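Please find below my note on the model under review. It is set out as numbered points for ease of reference.

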Amino acid sequence: MSRRDLPAWKALEAHRPAIEATTLRALFASDPARADAMTIEAAGWTLDFSKQLATRETLAKLVALADAVDLRARIDAMFRGDRINTTEDRAVLHVALRAPRGEKILVDGTDVVPGVHEVLDRMAAFAARVRSGAWLGHTGRRIRNVVNLGIGGSDLGPAMCTEALRHYAPAEMRFRFVSNVDGSDFAEAVRDLDPAETLFLVCSKTFTTLETLTNARTARDWLVAKLGDAAAVAKHFVAVSTNAGEVAKFGIDTANMFGFWDWVGGRYSVDSAVGLSVLLAIGGDRFREFLAGFRAMDEHFRAAPFDRNLPVVLALLGVWYRDFLGASSHAVLPYDQYLRRFPAYLQQLDMESNGKRVTRDGTLLDVASGPIVWGEPGTNGQHAFFQLLHQGTELVPCDFLGFCTSLNPLGDHHDLLMANLFAQAEALAFGKTAEEVAAEGVAAALIPHRTFPGNRPSSTLLADRLTPATLGALIALYEHKVFVQGVVWDVNSFDQWGVELGKVLATQIAREIASDAEPALAHDASTNALIRRYRHARRG
């Protein structure tokens, strides 16, 4: 059955005109308890969604939709280890990565939790050796630089988390991330690094990812050229992979290979061995706090009623805007400089998961699926794109993220930062009417330009401070939000076939570019011409 045919979907369509006919000003005026009623707390986070274009009736109808698509059963199936990634016939068990010792989660009859902790223990022991100076490079010097080589989930998550938790990292260590196959990325990352003090983490499950292995080979050549000995590779490279043969062939000791499982998707893997750079940055104890934050949100998600469930409420509101109010994008606005990479991380998590056009059984969707996700930290974004948010013609729901306590208290900086967060959410919601502008004595010709329509929705997420635990809980919150939306839209949130075609064509074109003879090109006329132009320019 199409989602549109569900009585719960039809009820939301019938409800939409009532919301379109009201304003946030009117909703707050008519319901003095609105802010309290539309605030939820869990896992160290407080969600205020009272500035959303929704009422308690809207939420009840959205929860009815969640029930109609059997969300509870789908949640249970994921936590149970069922093969809910149907196109790849895999379980989806990133929740097992933060399961405590002693919990039992079965995949094909095997408890996976002991294996998770065996890898975590090995990672922690390795990180302790590096951080203490017990692990030395080829020339006997300690490691001060860590360069992560990965792409997609093997880069975005670790890069975001390492930046987010930089406050907790040793000041004498530097962490760099190379993902782009553009040589400039690698060149700039190592420009000021001493190879004798540099450790490379090669993150590729199969150890065949084109971009990652291209960068890894370049890194190996750079290291060997600088240190003059191929044997140096064993002390300056480790692998996050499951392909022991290729890892050994590269020159990495497989004792320094950290694996993960096919039930861990790349964009859900930062709390697996893929997060080795994060563990090196913050240490084993804080990494366990990071995992505990994930776990706290997992437990809330699994147990809380849907109308008081942070991931479910955020997800259902997203469906409300995407499918009933016509919003095509969603802005995520962290008011914390440490979270500057968080919107980029969410772009992959959300758009690779739910940017789908067919249902789980392969039929074309007749509803809108995942939105475009974007954002920048406040207050920078205010001086860039907030003009569109306040006075543009697009409806852009926003998530504001902030912390009550700064990790770097300097004068009144943090008070000013948070004042801006609260002010922007208020201004978006309530705006300024033409009458209010006129009452300020503004010239009549300027009144339209200085009127703010308001009714621009947002949620505010607050935590006490940015810690490993609150970051872990925040990531899990959005992981589960994305999953819930995939259930509502009936898409498989855990495959990514859309990235394959371009990769296949790129491999073919790379061979054609590298060919000594003029190759016979069988692409479209535009692509053929571009390849020939590039080959001509490349050969001078």
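The points below cover conventions, sheets, helix packing, cavities and pockets.

1. Conventions. The model is predicted, so that local features need pLDDT of at least 70 and side-chain atom pairs count only at pLDDT 80 or more, while totals for chains, interfaces and linings use all residues. Residues are numbered from 1 along each chain as its sequence is written, and side-chain values use heavy atoms, with hydrogens and water left out. Helices (H or I, at least four residues) and strands (E, at least two) are DSSP runs numbered from the N terminus.

2. Six-stranded sheet. An open sheet of six strands follows the order 1-2-13-12-10-11 with mixed pairing; two strands pair if DSSP finds at least two bridges between them. Strand 1 (39-42) and strand 11 (372-374) form the edges and have a single partner strand each, so one side of each lacks a neighbour in the sheet. From one strand to the next, the twist averages 15°. Strand 1 and strand 2 (residues 45-48) run antiparallel and are joined by four bridges, with Thr39 opposite Asp48 in strand 2.

3. Helix on the six-stranded sheet. Helix 15 (residues 342-354) lies across strand 10, strand 11 and strand 12 (398-403), at about 165° to strand 11. Contact means heavy atoms within 4.5 Å. Axes are lines fitted to C-alpha atoms, for helices over the stretch in contact, and angles run from 0 to 180 degrees between N-to-C directions.

4. Five-stranded sheet. A second description concerns an open sheet of five strands, ordered 6-5-7-8-9 with parallel pairing. Its edge strands, strand 6 (174-178) and strand 9 (257-258), each pair on one side only. Strand 7 (residues 198-203) and strand 8 (residues 237-240) are parallel over four bridges, and Phe200 stands opposite Phe237 in strand 8. Helix 8 (residues 183-190) lies across strand 6 and strand 7, running at about 170° to strand 6.

5. Helix packing. Helix 13 (residues 284-303) packs against helix 19 (residues 468-489) at an angle of about 40°, the axes being 7 Å apart. Residues of helix 13 in this contact include Phe290, Phe294 and Phe301, and those of helix 19 include Leu471, Ile475 and Phe483. By class, the contact has 13 nonpolar, three polar and four charged residues; Ala, Val, Leu, Ile, Met, Phe, Trp, Tyr, Cys and Pro count as nonpolar, Asp, Glu, Lys and Arg as charged, and the others, Gly among them, as polar.

6. Cavities. On a 1 Å grid over the protein atoms alone, a cavity is a set of points where a 1.4 Å probe fits but cannot get out, a pocket is an open set with protein on both sides within 12 Å along at least five of seven lines, and lining residues have an atom within 4 Å of a point. Grid points are joined across faces, edges and corners, and a volume is the space filled by probe spheres set on the points. The structure holds four cavities of 30 Å³ or more, and the largest has a volume of about 80 Å³. Its lining includes Tyr321, Arg322, His330 and Lys481. Helix 14 gives the most to this lining, with three residues.

7. Pockets. The largest pocket holds about 1200 Å³ of space and is lined by 41 residues, with Thr209, Gln496, Val499, Glu500 and Lys503 nearest its centre. Helix 20 supplies the largest share of this lining, six residues. The second largest pocket holds about 440 Å³; by class, its lining has six nonpolar, nine polar and one charged residues.
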